[in-house]
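Hello,

Here is the structure I promised to pass on to you. Have a look at it first, and then read my notes below.

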Amino acid sequence: MALLEVKDLKIKFGGLTAVDEFSISIEKNELVGLIGPNGAGKTTVFNMLTGVYLPTSGTITLDGQDIVGKRPYDIVSYGAARTFQNIRLFKDLTVIDNVKIAYHKQMKYNMIEGIFRLPSYWKEEKIANDYAIELLDIFDMKPYADSLAKNLPYGKQRKLEIARALATGPKILMLDEPAAGMNPQETKELMETIDLIRNKFNIAILLIEHDMSLVMGICEKITVIDYGKIICVGNPEQIKCDPNVIKAYLGE
Amino acid sequence: MLLIQQLINGLQVGSIYAVIALGYTMVYGIIKLINFAHGEVMMMGAYFAFLAAVAGMPIWAVFLISMVLSAILGMVIERVAYKPLRSAPRISSLITAIAMSLFLQNLALFIFKADPKVMPTIIKNNPVTIGSLQISNITIITFLVSVVFMVILTIFISKTKSGKAMRAVSQDTEAAMLMGINVNSTISLTFAIGSALAALGGILYAIAYTQVMPTMGLLPGLKAFVAAVLGGIGIIPGAMIGGFILGFIETLTKAYISSRWADAIVFGILIVVLSVKPTGILGKNIREKV
Amino acid sequence: MLQVENLNVHYGKIHAIKGISFDVKQGEIVSLIGANGAGKTTILHTVSKMIKPSSGSITFKGQNMSNVVPQKMVEMGMAHVPEGRRVFSQMTVQENLEMGAYSRKKNKVEFESDLDEIFTRFPRLKERRKQHAGTLSGGEQQMLAIGRALMSRPEVLLLDEPSMGLAPILVDQIFNIIESINKSGTTILLVEQNANRALHISNRAYVLETGKIVMQGLAKDLIENDDIKKAYLGG
Amino acid sequence: SNGEKETSGDDSEVIKIGTFGPLTGPVAAYGSVMVNSAKLAIDEINENGGIDGKQIQLIDYDTKADASEAVNIYNKLRDQDEVVAIIGGTISGETLAVKELAIADGMPMLTPTATHLDVTLDAPSIFRACYTDPYQGAAIAKYSIENLDGKSAAILYNTDDSYSVGLAETYKESFEEAGLEITNFEGYTANEVDYSAILSNVKDKNPDIIFLPDYYDTVGKIATAIRNMGLEQIVVGVDGWDSVEINYAEQVEGYYFVNHFAKTDKADIVQNFISAYKTKYNTDPNALGALGYDAAYVLVEAIKAAGSTDSEAIVAALSKIEYSGVTGTIRFDDQGDVTQKDIAIIKIVDGDHELLEKIVVE
Amino acid sequence: MKNKNKKSYLINGLALVLLFILLNVLIKNNVISRYYQGIMVFVFINVIVASSLNLTIGFLGQLALGHAGFMAIGAYGSALFSMYIKEMALPPTALLITSLLVGGLLTGIIGYLIGLPALRLRGDYLAIITLGFGEIIRVIINNLKITRGAHGLTGIDKLVNVTNSFWIAVVVIVILYAIINSRHGRAIMSIREDEIAAEAVGINTVKYKSMGFTISAFFAGIGGGLFAHYMAYLDPNTFNFMKSVEIVTIVVLGGMGSLTGTIIASVVLTALPEMLRGFAEYRLLVYSFVLIIMMIFRPQGILGRKEFSINGLIKHSKNIIKKTGDNAEGGEL
Ligand SMILES: Nc1ncnc2c1ncn2[C@@H]1O[C@H](COP(=O)(O)OP(=O)(O)OP(=O)(O)O)[C@@H](O)[C@H]1O
Ligand SMILES: Nc1ncnc2c1ncn2[C@@H]1O[C@H](COP(=O)(O)OP(=O)(O)OP(=O)(O)O)[C@@H](O)[C@H]1O
Ligand SMILES: [Mg+2]
Ligand SMILES: [Mg+2]
């Protein structure tokens, strides 16, 4: 069975059916793109997969477990992590704290142990700290560990969001427009980083992006939706030539 | 019969809450600040009216003077205390508002002293009797005033250019500036209207309950805010509905349970309503788009 | 038309803009390009008087604009489409467009004809005129933001990353729209991450790096420049 | 007079007495009249030679009716100002708040006006110059039944105020003991302004008498509402009513209340107090003032009798004192409460107090 | 990192003990009279109550306006308990501590129950709901037989003095500090920063909101208990809306998210009215005016989100010394 199995997902907002009959299947360590016109429902799919919205109908199975109706924090422990289209960092906390918060679930000491600063506190805090530094290092952000997240330049903020998502120890990572607002050069660097983390952490990645150089460059499989429905599934070559996709999304 | 009489009694308080809540909700709607000093502006309005009435002015002048002076007071408060804090954390503005309310209250204490003043009878209490029921002319006036102003205000906000500018400012101040809207004067206008309404509520209150004193604004202010939240804060008709509901609940509690539980029951109902409908009765449930 | 001289901007201790000078002539499209955080948005905000510079002068239509309020700029014929669209989300599409015409003298006939013009340019908006702007898709919001700015009949239009987050097909459309707006006589100052596309429609461009202009010239020359290619055009 | 600390350190020059009460805030009126009257008394005493030639300094503080403030003030009076005795507090809450401290220090404390029963309970050094609530509650109930011929009564009272609650309960008890009916027992809160709901209920039951144990401002408001709703019952009240006729003469015309003294009392001591107060402060005093005035004299008499400023001596002198003042004869029982004190029954006639009689109840 | 922390704990601990010794010496020599001691007790009570509220406002990021209600529950709960077990004749300190814990736990439980519906709401709605709960609590206490309602509760043992209130305040601050600087504290702060993002990285926001709110209520209850056993008399009207406002003011003035700021503000705001006693009439006028000015010029409060620390001070003064040193060198040139 695939890592993530989604069948016939549907959600309505009032009268509007934002996503309909959406199905996707992602294998371990696969890199999949999700594209489509603005307002097609891509972010909404993410929101359903991560428990932010409750789908009207449909099933989501992550690593063999049904996660529909679970709260977002719970879904994290099943192994899904995400970033947001509009960056949502813990702005007034330090960069390293942003990452350590995401490491929360891997730490076990209870409040009493914390208050009295028992050995378990020191031990786990040290592990968390070391791990956070290690993650930041991957993104070349070690020097920023103690600055406030809000003071980072935009591109670094996007990277921090990815690092933070990784700290939850996911099996699948969902990135919502990670290259938005980056120039082509920065996009290229981001592409390399994405590839790197996939291999280093051995995780699957689901990616929403409007920058075709990025999507076509690294995705193995792409799903295209329009008006909430899938209009095409295939590899980059197939997508590029699909007349429906060209008409609705790519243009000439 | 007694029940109907009690409902009529509730209408009186409810209408006053409604008038005060209209101004409250409007100010909140535009700058998202719980203007705790609103009740004190109402109090000042009542004192202005008291002074004008004692000076023997005609009734229209009493209303006009009090509302104009309060409008100015409202604008000054905004300029001096709230404007510098527009980009500060919300809670700092809230504290400033609370401090401003304390300040005005103590200023009034200082100027007018603590003991209540008796409001001259500018509208004679002339109950209309229908069978065993009795309805005061003041109740009728207050009720009509609240409905009329609700309608005027609703039209003003949704249809006029200044009204739309207010909404634009409330949704995105910077973008509003980029449209060429003068944000400062728009906010001033909001405070002017809100404060004039507070004064109107204060005058009606003083006429109905015959006293003016420095602490008179505290509770009605709080209740009016509860009314505004109950109806859906920022929504003009909601303020009126909330005001009436609050008036009825309070009066019925006093009549059939006990006055001592009235405040607890009012807040209890607020809590129940918000638990079921977090944005109030008329509020729209907007899910945050992620 | 627009002239900026020796501009300095500080955010608290951060020196965001460090002595920048540039100009935009009537009828031109001028681009500002540069990496994240280079200061592009800051420049546009300063020009439209949303933030106060610590020093420097801004001249618009021959007048010194040092001490004017933002609404004065709008009245003088400048419109600014801000980063992130910033439509009034609880207002309808039509009301948003009305707000665009806020600064102009009330003239029903003129207003209606301008509205028609916007609707012919953006038929999508006509379909949605009663819908709340907050529920529009990203592309639709971008059209609305541009339409709203055009409602003030600007002589100069400032555009901040109009293609950000848009589907490729919409990016094409937006750039076409910008060109056609320019053709009909509006001067444009454009900020874009998509430097390639921006340079292709611009007359001239300035390249920014951490608050300084590091290069300037005709757009067609810059496209050919190797450094530019490497840093901003993705190889 | 706000207690500048004397630096001389030579305490044989002046004798310091402290006093406190709410001087600002919503109930400022109570505290100021009491403190002003005490000052008046002390000034008179000082003019007449003070205590064995020593002048008395009265140091007053504002509690804002706040219990924690009262604690700080008590500590300040004792430690910074080093007073020998205290006249106060004005209201029950602030007095109870300093009670434990006063007991521990053995500080002689004479409250003119705090009516809460617990104030003097198990507190050897605390005395009270006014009669307690059960005493006047029983008196007005007795008068309502015997003289006003009341067969049924409605009670409206302030649920936030211990004074009002206590009186309402005593009145109810007395009425029910006499086998008569209480038709309404309606509470309202301190902040109430709209009494129409409870008055509609009273109107519905139509009793003979309405008992209204509260202070004059509230009484005025409620009386206005009673008149506006056309209720024709006789309304009776308690000492808190004093001054109600100033603003609400028309509304309370013909109503009855009991008081510590009557300002229309022809007795010299009463009229002298009233005119002296008027001269000094330009307004009329009320019962709180009369009590504050008497309390100051009583305390000074006690210090004189004690012949020293030693706490124990003053306390001992106080418990033996007998003094005839504006409010009648003051003498204390074992608990430190006044006994056998006169109660004045007053009717409001033509907007003024008419003293009907003075009674003593058991 | 570990050693650095331990060293700083040691320095701060030492500073505390020194402070305490100094305090005792001053009291013994009557430099600090009982009047000042009384004020200090109120400062310590305010430190406890306000820093507990800071957990909700400054760290959890939820605006609560009913903290006086929690204080009231703690005050009445612990007072009634200590009156009830008086016969057991416990030593005063033991009696005080058990009563405080009982009052605190009771408040914590009620805080938890109130938090369940209240915390679903946000921002101003939460503010108004907590305000409502505060009033409801006051009304209930005012109408219960056991609390003696408006008559006020008398007969409480006066168990609190400067020494024990000092140490209790120290313990409360230390515990709050320890919680904030642990994984639980970080979880609480992440909710303040962005609730949706917090959920998305695995924080159970409902759980941590309730946890923060309950802890906050617990310590408010402790503060209330201290108040009860210092005053020896309770009146429900003490715990009205204005009291809640007073506590919020301390938090905001000190800095939302700064415990040391709260301590400083507690000292200032408790002492200020005492110093203004000479101006009885203008006191509140001046107080509110100063507050407005403060907010305009320093809306983030005295310390903002920073913490004052001895180490920081040492470091800072080292820098200054170094700087002046540099300057001196400059002078020589
Ligand atoms: N909370 C919500 N309430 C109402 N409508 C919503 C909500 N969230 C999303 N929608 C609507 O659902 C549709 C899909 O939105 P979504 O954000 O998923 O688009 P998208 O594919 O991510 O677009 P973009 O590329 O512009 O980000 C849109 O029409 C949007 O307005
Ligand atoms: N409100 C602010 N407060 C403090 N610093 C700011 C603020 N806004 C921008 N900055 C800083 O000023 C610099 C320039 O920012 P600006 O937003 O103008 O860049 P930009 O070129 O528009 O970048 P982007 O491509 O990300 O939009 C950056 O370092 C940024 O961090
Ligand atoms: Mg999206
Ligand atoms: Mg920008």
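These notes cover one chain as a whole and then one residue in another chain.

Please keep in mind that this is a predicted model.

Let me start with chain D. Its secondary structure consists of 11 helices and 14 strands. The radius of gyration of chain D is 20 Å, and the globule rule gives 21 Å for 362 residues, so chain D is as compact as a globular protein of that length. Along the principal axes, the C-alpha atoms of chain D fill a box of roughly 70 × 40 × 35 Å.

What share of the 362 residues of chain D counts as buried? The figure is 65%. If you look at contacts in chain D between residues at least 6 apart in sequence, 67% of them join residues at least 24 apart.

Now for the surface and the charges. Chain D exposes about 12600 Å², and 44% of that area is supplied by carbon and sulfur atoms. Chain D also carries 26 positive and 61 negative charges, and the mean positions of these two sets are 2 Å apart.

The residue I would like to show you is B:Asn106. You will find B:Asn106 in helix H4 of chain B, which spans residues 90–112. Is B:Asn106 buried or exposed? Its relative accessible area is 10%, so B:Asn106 counts as buried, the cut-off being under 20%. Apart from neighbours within four places in sequence, B:Asn106 is in contact with E:Leu284 and E:Leu285.

Enjoy exploring the model!

Best wishes

How values were computed:
Residues numbered from 1 in each chain as written. Chains lettered and ligands numbered in written order. Predicted model: local features only at pLDDT ≥ 70, side-chain atom pairs only at ≥ 80, totals over all residues. Heavy atoms only, no water. Helix = DSSP H or I, 4+ residues; strand = E, 2+ residues; numbered from the N terminus. Buried < 20%, exposed > 50% of the residue type's maximum accessible area, 1.4 Å probe, protein only. Contact = heavy atoms within 4.5 Å. Rg over C-alpha atoms; globule rule 2.2 N^0.38 Å. Areas by Shrake-Rupley, 256 points an atom, 1.4 Å probe, with all protein chains shown as cover. Lys, Arg positive; Asp, Glu negative; His and termini not counted. Charge placed at Lys NZ, Arg CZ, Asp CG, Glu CD.
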